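These are my notebook entries on a structure that was new to me. I wrote down what I looked up, item by item.

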Amino acid sequence: MLYDLHCHSHYSDGILSPSELVSRAVEHSVDILALTDHDTVAGLAEARQAASEQGLDLINGIEFSCQWAGRGVHIVGLGIDPQSAVMQQAVAEQAERRWQRCEMIADKLHKLGFQGALAGVQKLVDKGTIGRPHFAQYLLQQGHVSSINQAFKKYLGAGKPGDIKNLWPEIGQVVEWIRGSGGQAVLAHPDKYKLTRTKLRRLCDDFSEAGGAAMELISGKQPPGVAETMAQIAQQCGLLASRGSDFHQPGQPWQELGCGGPLPPGVEPVWAAWS
Ligand code: AMP
Ligand code: MN
Ligand code: MN
Ligand code: MN
């Protein structure tokens, strides 16, 4: 069975609708898919409808932004109840934070000489939660940068003016939300935080202690050895193993739906206890 437990639709910073995403997952031989949009559950009903029509198993998911030791970290929730009071409250709070952040980023860009970003991104966002990718798209559209990647490198990425600090809830809060709505919390793409092994170990210990269940050993196509290193850390911290592509849009083969290797031998998959 092919599991892909991390991907995005146009309800956050993905391009495809939930139905298009389900069709594409089927084309890429995915058997079990979790839709995990950033800080929203808005796409899950449409995804569930499409999945039942196309014979795909859908897991209700979300990807929360939070902070640990002052750094931005992403936590995926799997098997959550999107209708629960806890989840509804959580997504409302995150939406409020995203709006605040949006104004702060626009302000920073204004000071750098880029006017009109707030109105500009509002025009770009249709259904989705608003985020840095929309600002990147705006800067590109206005000719201020030559690529999305450059927008992150110069203005929006870690340590740059558009990287707003201390806005997101602490990691323990999002684990509580996920567990409180019936789900399992999974540390997303642990290799992307550019932490030393000691720091990553500390993050995983804290996450596990807070009630985290698993970490992604596979996040799309990774350099050789990453999954094995992550597997060691997972085992040391008592975390189960997950895998996902982090798919956002076609044309990015390193995060295509279903892609990435199998889980390394000897680890316990997060889905082992699912019926
Ligand atoms: P946000 O949720 O607003 O904090 O934006 C984070 C999202 O931006 C991530 O989930 C990625 O999809 C995207 N992202 C982060 N870094 C880059 C980059 N260098 N190039 C393109 N997209 C990026
Ligand atoms: Mn994203
Ligand atoms: Mn992420
Ligand atoms: Mn993601």
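Which backbone oxygen does the side chain of glutamine 67 reach? I looked it up in what is a predicted model, and found the backbone oxygen of tryptophan 168, at 2.7 Å.

**Entry: glutamine 67**

I placed glutamine 67 in strand β3. I then checked its exposure: the relative accessibility is 9%, and because buried means under 20%, glutamine 67 counts as buried. Next I listed its contacts, leaving aside neighbours within four places in sequence; among them are Val73, Asn166, Leu167, Trp168 and Pro169. I also took one C-alpha to C-alpha distance, from glutamine 67 to glutamine 173, and got 9.7 Å in space for residues 106 apart in sequence.

**Entry: manganese ion, ligand 4**

I asked which residues hold this ion. The protein donors of ligand 4 are His6 (NE2), His8 (NE2), Glu63 (OE) and Asp246 (OD), lying 2.1 to 2.2 Å from the ion. Written along the sequence, the spacing of these donor residues is H-x1-H-x54-E-x182-D. I noted that the pair of histidine 6 and aspartate 246 links distant parts of the chain, 240 residues apart. Histidine 6 is in the loop between β1 (3-4) and α1 (18-27), and aspartate 246 is in the segment after β7 (240-244). Histidine 6 has 0% relative accessibility, so I entered it as buried. Aspartate 246, at 6%, counts as buried too. The manganese ion (ligand 4) is 4.6 Å from the manganese ion (ligand 2).

**Entry: manganese ion, ligand 3**

I did the same for ligand 3. This manganese ion is coordinated by Glu63 (OE), His74 (ND1) and His189 (NE2), at 2.1 to 2.2 Å. The spacing of its donors along the chain is E-x10-H-x114-H. Histidine 74 sits in strand β4 (residues 71-78) and histidine 189 in the loop between β5 (184-187) and α8 (197-209), so this pair ties together parts that are 115 residues apart in sequence. I found both histidine 74 and histidine 189 buried. From the manganese ion (ligand 3) to the manganese ion (ligand 2) I noted 5.5 Å. Glu63 appears among the donors of ligand 4 and again among those of ligand 3.

**Entry: serine 245**

I then turned to serine 245, in the segment after β7. At 1% relative accessibility, serine 245 counts as buried. Its side chain reaches the backbone oxygen of histidine 6 at 3.4 Å. A polar atom of the same side chain lies 3.1 Å from the backbone nitrogen of phenylalanine 247. Beyond neighbours within four places in sequence, serine 245 is in contact with residues including Asp4, His6, Cys7, Ser219 and Gly220.

**Entry: ligand 1**

What surrounds ligand 1? I listed Asp13, His38, Arg98, Arg101, Gly131, Arg132, Pro133, Ile148, Asn149, Phe152 and His248. Three polar distances went into the notebook. An oxygen atom of ligand 1 is 2.4 Å from a side-chain N or O atom of arginine 101. A polar side-chain atom of aspartate 13 lies 3.0 Å from an oxygen atom of the ligand. A nitrogen atom of ligand 1 is 3.0 Å from an N or O atom in the side chain of asparagine 149. Taken alone, ligand 1 exposes 500 Å², and the protein buries 72% of that. The elements giving two or more residues to the shell are α3, α5 and α6. α6 gives the most, with three residues.

**Entry: helices α3 and α5**

I checked the length of α3. At 1.5 Å a residue, its 27 residues should span 39 Å, and its end C-alpha atoms are 40 Å apart, which agrees. Buried residues of α3 include Met87, Val91, Arg98, Arg101 and Ile105. The buried residues of α3 pack against β3 (57-68), α4, α5, α6 and α7 (171-180). Glycine 113 follows α3 and has a positive phi, near 100 degrees.

In α5 (residues 132-141) I found His134, Phe135, Ala136, Tyr138 and Leu139 buried. These buried residues pack against α3 (85-111), α4 (117-124) and α6 (148-156). Just after α5, glycine 143 takes a positive phi of about 80 degrees.

Note on methods. Residues are numbered from 1 along each chain as its sequence is written. Chains are lettered from A and ligands numbered from 1 in the order in which they are written. This is a predicted model: local features need pLDDT of at least 70, side-chain atom pairs count only at pLDDT 80 or more; totals for chains, interfaces and linings use all residues. Side-chain values use heavy atoms; hydrogens and water are left out. Donors are N, O and S atoms within 2.8 Å of the metal (3.2 Å for Na, K and Ca); water is not among the atoms, so sites may look incomplete. Helices (H or I, at least four residues) and strands (E, at least two) are DSSP runs, numbered from the N terminus. Buried means under 20% relative accessible area, exposed over 50%, partly exposed in between (1.4 Å probe, protein chains only). Contact means heavy atoms within 4.5 Å. The expected span of a helix is 1.5 Å times one less than its number of residues. A residue is near a molecule or strand if one of its heavy atoms lies within 4 Å of it. A polar contact is a pair of N or O atoms within 3.5 Å; within protein, one must be able to donate a hydrogen and the other to accept it, and residues adjacent in sequence count only if both atoms are side-chain atoms. Accessible areas come from the Shrake-Rupley method with a 1.4 Å probe; for residues, only the protein chains shown count as cover.
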